[in-house]
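Trainee: Could we take a close look at a single part together? I would like to see how one piece fits into the rest.

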Amino acid sequence: MDYFINDLEEGIVQNKFPSNPGFWRVSSLVQLWDEYSGGGKCEKLLYLYLLHGGEKDFEKDTLKRFDVGHKVHDLVKEYFAKSPNFVVKHDEYSVKHPVLPLTGTIDHIVEWERFPGEEFIVEIKSVESQYFNNSTWGAKIKPFRKARWQAGIYSEIYQAKPIVVYFNKDTGEMASHLMSKTDYINDVNEILQLCENVYNATQREKEILPVLSGICKNKPKESCQFKEFCDVGKICKSKV
């Protein structure tokens, strides 16, 4: 009865990425860095995101996956609250980079009795078994790079050690990764340096010659929300 599901899915709220011109969000920034040109080193993309904000409609199946992820966050939050081993200092804690127009929301900031007086940033991620259990690259073995970058940026802003927790949505199994600075600092420094370059260029009101690589070198990726602005190899000025 597909019409039953269609009618039911009318209850799904079509949320968008917050459109916040003048700021990058950490979660969106690492997605851009990961998705485009095998590393996302596209100055034009960061420039346009900064100017226009990020806004995107999602398919209903994607929104349902987001909803499941939010429920997992709520469940882990409850575990923290009930565990005698943790003191929750902050939930959904908003942070801003001290120099760059870069904002984000840390899932949890906790104290852990095993490390008295020390705070930890905790980022919660939910995945299916195929991504959790892979013996080579699965979340049970190590954090995925987007989570590593995101937690690393938060760690640099808030100055606390990051922990990435993965929740297997199929089985309920969990895995955690307490990261050291060496796990993320090179990548995070590169991301923040590129953001600084783009931000400084906007402050000087100079046009940016886009640095495009990989798939974006010849034409913008079809899913890129800013592809209408892309004129490869030319200075970005016509519609901005």
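Which residues are buried in α7?

Mentor: Happy to help! This is a predicted model, where local features need pLDDT of at least 70, side-chain atom pairs count only at pLDDT 80 or more, and totals for chains, interfaces and linings use all residues. Residues are numbered from 1 along each chain as its sequence is written, and side-chain values use heavy atoms, leaving out hydrogens and water.

Helices are DSSP runs of H or I with at least four residues, strands are E runs of at least two, and both are numbered from the N terminus. In α7, the buried residues are I185, V188, I191, L192, L194, C195, V198, A201 and T202; buried means under 20% relative accessible area with a 1.4 Å probe, counting protein chains only. An α-helix has 3.6 residues a turn, so residues three or four places apart point the same way. The 19 residues of α7 should span 27 Å at 1.5 Å a residue, and its end C-alpha atoms are 26 Å apart, which agrees; the expected span is 1.5 Å times one less than the number of residues.

Now for the core. A nonpolar core is a set of buried Ala, Val, Leu, Ile, Met, Phe, Trp, Tyr and Cys residues joined through side-chain atoms within 4.5 Å. The largest one has 39 residues, of which W24, L46, L102 and I153 touch the most other members. Elements giving two or more residues to this core include α3 (43–52), β3 (102–112) and α7 (185–203), and α7 gives the most, with seven. Leaving aside residues up to four places away in sequence, L46 touches W24, L29, L32, L194, C195 and V198, where contact means heavy atoms within 4.5 Å.

Key
Buried means under 20% relative accessible area, exposed over 50%, partly exposed in between (1.4 Å probe, protein chains only).
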